[in-house]
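I opened my notebook for another session with a structure on the screen. Here is what I looked up, in the order I got to it.

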Amino acid sequence: MPGKLPESLQQKVEERLRYYEDLGIRLFYRDRVAERRADGEFVSQVPTQQRPAPAQEISLAKLKAQMAAAAKVTPAPVIPVIAPLGPSLFDAMNKVQDDTLPKIVEEIGDCTRCKLHRHRNKIVFGDGNPKAELVFIGEGPGADEDAQGLPFVGRAGKLLTQMIEAMGLQRKDVYICNVVKCRPPENRVPEPDEVETCSPYLLRQIDVINPKVLVCLGAVAAKTLLETNRGITQFRGQWLEWRGRKLIATYHPAYLLRNPNAKGEVWKDLQKVMAELRLLAPKKKLL
Ligand code: SF4
């Protein structure tokens, strides 16, 4: 058919449109059911009476207003500090002089420091821009990540990529890593001793990259960095101060796959991040 997109591209467009729809942005839904006629006109494949009524159709003006609100430079919000439960693991660490990411990779080596090494295939160190202003931190690698040695490449990773792209960024613009670098068996939550053993590498990664904003994806990342037992719902979407940087916690993409209704909340959190990065770097077009 003339003008038909290659299947791989169609699939990509389909995924992106589904993601926007999940966020409540339904400007494109008519195009999804439209087909080009021989004369070049696009016609709907679905009779008007059968088309689903968009529950929350957002007008272009409203969407523009939302984007403008996200971009608006406003005074930095008050940042509450969550005090660590006990002596800080991170404060107790000796700072490594002239640290670099390759140095950390070399030091991790073929790590057997915790029991997670027993079942792993590949250590998943992290990926992205080593000078990123924005770092996403997840919990630990899954099966796809363990096989490829890269973070967030499975289904949840695809969703994270869509989220990053919806922010106007590419994966190569940000840095993505996890609290533990080896896959927990059956994707279970990493245990406290595993987190304690592996998270100093995460701290060193963050110190080397020196980002302005950290986004914790899910409770494990948030609780590890903040050294708190508080539930993520108590502080999700709030700006927090963490070792002189701004940190925001939001839901993990894997949670969003199980609970698509929460995508709107995550999008609001990411809009705050977009606004914050513009605020901190007004002369540089980041997003
Ligand atoms: S999870 Fe971290 S500490 Fe444990 S074996 Fe892997 S790299 Fe080493």
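In which helix is the place of Ser 199? I found Ser 199 in helix α8. A reminder to myself before going on: this is a predicted model.

**Entry 1, Ser 199**

I checked how much of Ser 199 can be reached from outside. The relative accessible area of Ser 199 is 0%, so I wrote the residue down as buried, the cut-off being under 20%. Next I looked for a partner for its side chain. A polar atom of the Ser 199 side chain lies 2.7 Å from the backbone oxygen of Val 195.

**Entry 2, the ligand**

Which residues are around the ligand? My list reads Cys 111, Cys 114, Leu 116, His 117, Arg 120, Lys 181, Cys 182, Thr 197 and Cys 198. Sorted by class, this shell has five nonpolar, two polar and two charged residues. I also asked where the ligand sits. The ligand is in the largest cavity.

**Entry 3, Asp 110**

I then moved to Asp 110, in the loop between α5 and β3 (127–128). Is Asp 110 buried or exposed? I noted it as exposed, because its relative accessibility is 67% and the cut-off is over 50%. The side chain of Asp 110 makes a polar contact, at 2.8 Å, with the side chain of Arg 120, and Arg 120 is one of the residues around the ligand. I also took a C-alpha separation here: Asp 110 and Lys 122 are 9.3 Å apart, with their positions twelve residues apart along the chain counted as the sequence offset.

**Entry 4, the cores**

How many residues does the largest nonpolar core have? The answer is 36, and Ile 137 and Leu 225 have the most contacts inside it. I listed the elements that give two or more residues to this core: α5 (101–108), β4 (134–138), β5 (175–178), α8 (192–209), β6 (213–217), α9 (219–226), β7 (240–242) and β8 (245–250). The largest share comes from α8, with seven residues. Another core lies apart from this one and has 26 residues, including Leu 134, Val 215, Tyr 251 and Trp 267.

**Entry 5, α9 and what follows**

I went along α9 to see how covered it is. Six of its eight residues are buried, so to speak mostly covered. The buried ones are Val 220, Ala 221, Ala 222, Thr 224, Leu 225 and Leu 226; Leu 225 is the one I had already met in the largest nonpolar core.

Which residue follows α9? Glu 227 does, and its phi is positive, near 50°, although Glu 227 is not a glycine. Glu 227 lies in the loop between α9 and β7. I counted Glu 227 as buried because its relative accessibility is 17%, and buried means under 20%.

I noted a positive phi at Asn 210 too, near 60°, in a residue other than glycine. Asn 210 lies in the loop between α8 and β6.

**Entry 6, Glu 241**

My last stop was Glu 241, which is found in strand β7. Why does Glu 241 count as partly exposed? Its relative accessibility is 30%, and partly exposed lies between the 20% and 50% cut-offs, so the label fits. The C-alpha atoms of Glu 241 and Ile 82 are separated by 7.9 Å, while the two residues are 159 residues apart along the chain.

Terms used
Residues are numbered from 1 along each chain as its sequence is written. This is a predicted model: local features need pLDDT of at least 70, side-chain atom pairs count only at pLDDT 80 or more; totals for chains, interfaces and linings use all residues. Side-chain values use heavy atoms; hydrogens and water are left out. A residue is near a molecule or strand if one of its heavy atoms lies within 4 Å of it. On a 1 Å grid over the protein atoms alone, a cavity is a set of points where a 1.4 Å probe fits but cannot get out, and a pocket is an open set with protein on both sides within 12 Å along at least five of seven lines; lining residues have an atom within 4 Å of a point. A molecule sits in a cavity or pocket if more than half of its atoms lie within 2 Å of its grid points. Ala, Val, Leu, Ile, Met, Phe, Trp, Tyr, Cys and Pro count as nonpolar, Asp, Glu, Lys and Arg as charged, and the others, Gly among them, as polar. A nonpolar core is a set of buried Ala, Val, Leu, Ile, Met, Phe, Trp, Tyr and Cys residues joined through side-chain atoms within 4.5 Å. Buried means under 20% relative accessible area, exposed over 50%, partly exposed in between (1.4 Å probe, protein chains only). Helices (H or I, at least four residues) and strands (E, at least two) are DSSP runs, numbered from the N terminus. A polar contact is a pair of N or O atoms within 3.5 Å; within protein, one must be able to donate a hydrogen and the other to accept it, and residues adjacent in sequence count only if both atoms are side-chain atoms.
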